Amino acid sequence: MASPHDKDHVETTGHSWDGIEEYNNPLPRWWLWTFYATIAWGLLYTILYPAWPLVHGATTGVMAWSTRGDVAAEIQAVREGQADMRAALVDADLATLPQNEALNGFAVQAGAALFRTNCSQCHGSGAAGADGYPNLLDDDWLWGGQIDQIAFTIRHGIRNEVDPDARYSQMPAFGEILAPAEIETLVQHVQSLPEGNDPLGGEGGALFADNCASCHGEDARGNRDVGAPNLTDAIWLNAHDDASLTTLISKGPFGVMPPWGDRLGEAGVRALAAYVHQLGGGEPTPEPTPGQPKE
Amino acid sequence: MTHEQTSLYAAREPIFPRRVSGAFRRLKWQIMAVTLGIYYITPWIRWDRGPALPDQAVLVDLAHRRFYFFMIEIWPHEFYFVAGLLIMAGLGLFLFTAALGRVWCGYACPQTVWTDLFLLVERKVEGDRNARLRLHKAPWDARKWRLRLTKWAIWLVIAMATGGAWVFYFADAPTLARELATFEAPPVAWISIAVLTFTTFTFGGFMREQVCIYMCPWPRIQGAMMDEGTLTVAYRSWRGEPRGRGMKRHAGDGAITRAAGPQIGGRSPVLPMQFREGRVVLPEPQAGAAQGPGDCIDCNACVNVCPMGIDIRDGQQMACITCALCIDACDEVMEKVGRPRGLIDYLALSDAPRERAGGAPQSVWRHVLRPRNLVYTGLWAAIGVGLLLALVLRPTIELTVAPVRNPTFVTLSDGAIRNAYDVRVRNREGSLQNIAFSLAGAPGMSLGVEGVDDTTVAVEADSQRLIRVYVTAADDTPAAESDRTEIALTVRDTVTGESATVETTFNGDPE
């Protein structure tokens, strides 16, 4: 700060415009040096890091640093950090996984991330499904809702031609087998089933017994071995108005799901299974009865 | 236009404050001892919170997002406590500045306290003002090197201790101390210590008054908070002028070649206001004062002790931190020459005309207990009471409920409608809580909790747990068929019985 002592006249910069003078309150010299230091620092920075724009791209800097490299290193670090958990998940008994709080928590979190990336396109980001794509939140399952059944479905997929172990079944196109009037009767019959009508009763019941009961069962409650849905409950995989059901029965549905075992690895499949199992519809694994080997 | 070569940048003029003793110096030593004591000792105070929680009385646990202060524990969502404390700090600054000027700068600011400590070291190593002046001018011989290196070494130790103490607020102090001693501490600890060591060393040892004048915003802000009733350090020019050393003083204004600018509440004479036509505007000579010499003997004691290197007789100015050491220095001299103390004193601007007219200044209490200060105090206290109430009344169990909206409802195989809720339960106790959910809703509604058979879950001590809760309305019930139904979820600690309730909605399927 300019010292006012011994002066009855304040120093000016010497600049004068129309008699208006500029007082000189000089900045401290260290401030000037700090300013030069920041310039030097800035230049050094542009040498060390990517900075100067060129015609194609920019200088890379002598430290070979890039945001891409940062992300790659971060992913690598997370992978290494999770390696133990992944190994434990692959070794774990799926049936008792929900009781293992730490491992299950990891699996559910990992599964949630995998689901958003790989599954939400068909099943929806909230897993509520869509017309033709099953809702994973409810308590109805086509191929089984126990955690290892879910894992099997994810691992091998459904009706795909890639995985020989894919779950497979096919509902015939009844348009080539039954007359339109018969299909019309069946449509009405099927729509009445959730209201408690006898699946085998009446004209529709006769048609049902001949054509449908082999897969959907005489009680119309479906068969998970062949992925045949329960027709008596309140849940419909596809739209169930007259027109949609007529098309469905005439042409036969053929829902396909790709196998994920090769793409996600066993740890990924198990993580997804754990996630889907805890969405609200997961079924407990029954205690294995002696003499009956587990699936 | 004339143009002469002037430098736009000024080198720092070194300041060699002389040792001084007196009431204010004593007070400053005491405040230094207390503030430094608090700073260095606090992290080492232990406070038992049970086995699950840290036992450090004051701890900013960034990793686990907790702040511990003795019996108080703050979670991130309770940041309003910190905001409230900051508002209180702001209002407190208003209050102190309005009442006592830059009392924070002069007594409690870390820059002042550490500079004072560094000056103490400097004085012990290199001697008092005159010795230091001589040493400053002396060539760099062995003695100068020895003294300088000794001083710098002690400064460095203090600076490292300062940075070292800081990191203990962010981790368990004994553990971190052990890690530091065995060089196993995390890099962030070393970096923090290094940065604070560097800043303490340079700011306390070399920058000193430069920090206050050029780097700190407070001098500007606080200048705007003061008014004519504010008590601040000032020179009684009407008593001191005309000044002179052993001067056979003549009457007449012509003798005054240099005098104080506006004394109290004025601005630094370098600012244009004090100058007209290139000359300092002098105070009107008082009839009485002009007759004989004033009390100021121009001994420069007030200037020599000033850590900011200013002359308080030029009036209240931005560079003055009101450390009051000039008061001590001047009182000492006044006593020696047999004049009353208080030539430099805590004064208010409003007292100046009163005293010039021969009256007595208002009492300190009249200055402190002004409406403005009382309003500040009231606001400050109101926020403090509010924070205390919030602190005492906050529950040990907390609940937030986020209804899952993707999808809004799920139809189950029996036709029932189910809603899911992401529920976060916070257990603020130092021990595991077993909590039970219950539901207040419409007829036909039932409650389920993901992963458990009943509705009881355990929440670990001092943690938050995300739980998915299902509310199901049976088929054909009003709730299942209406768009919205108001419900309430309650969690209850099965041991203490304490509970928390959140109201939310249930979405049915109107089709």
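**Packing of the buried residues of α7(B) in the predicted model.** In this predicted model, the buried residues of helix α7(B) pack against two other helices of chain B, namely α6 (142–167) and α8 (187–207). The helix itself spans residues 173–181, and the residues buried within it are Ala173(B), Leu176(B) and Leu180(B). These three lie on the same side of α7(B), because they cover an arc of only 65 degrees around the axis. An α-helix has 3.6 residues a turn, so residues three or four places apart point the same way.

**The opposite face of α7(B) and the residue that follows the helix.** Turned away from the buried side of α7(B) is a face that carries the exposed residues Arg178(B) and Ala181(B). After the helix comes Phe183(B), which has a positive phi, near 60 degrees.

**The largest nonpolar core.** This core comprises 34 residues, of which Leu97(A), Phe115(A), Leu136(A), Ile154(A), Tyr275(A) and Val276(A) touch the most other members. Two or more residues each are given to this core by α3 (101–123), α4 (147–156) and α9 (261–277) of chain A, and α9(A) gives the most, with 8 residues.

**Surroundings of Leu136(A), and a separate core.** When neighbours within four places in sequence are left aside, Leu136(A) is in contact with Phe115(A), His123(A), Ala127(A), Trp141(A), Val276(A) and Leu279(A). Apart from the core that includes Leu136(A) lies another core, of 33 residues, among them Ala301(B), Cys306(B), Leu343(B) and Ala348(B).

Methods: Residues numbered from 1 in each chain as written. Chains lettered and ligands numbered in written order. Predicted model: local features only at pLDDT ≥ 70, side-chain atom pairs only at ≥ 80, totals over all residues. Heavy atoms only, no water. Buried < 20%, exposed > 50% of the residue type's maximum accessible area, 1.4 Å probe, protein only. Helix = DSSP H or I, 4+ residues; strand = E, 2+ residues; numbered from the N terminus. Arc of directions from axis to C-beta. Contact = heavy atoms within 4.5 Å. Core = buried A, V, L, I, M, F, W, Y, C linked by side-chain atoms within 4.5 Å.
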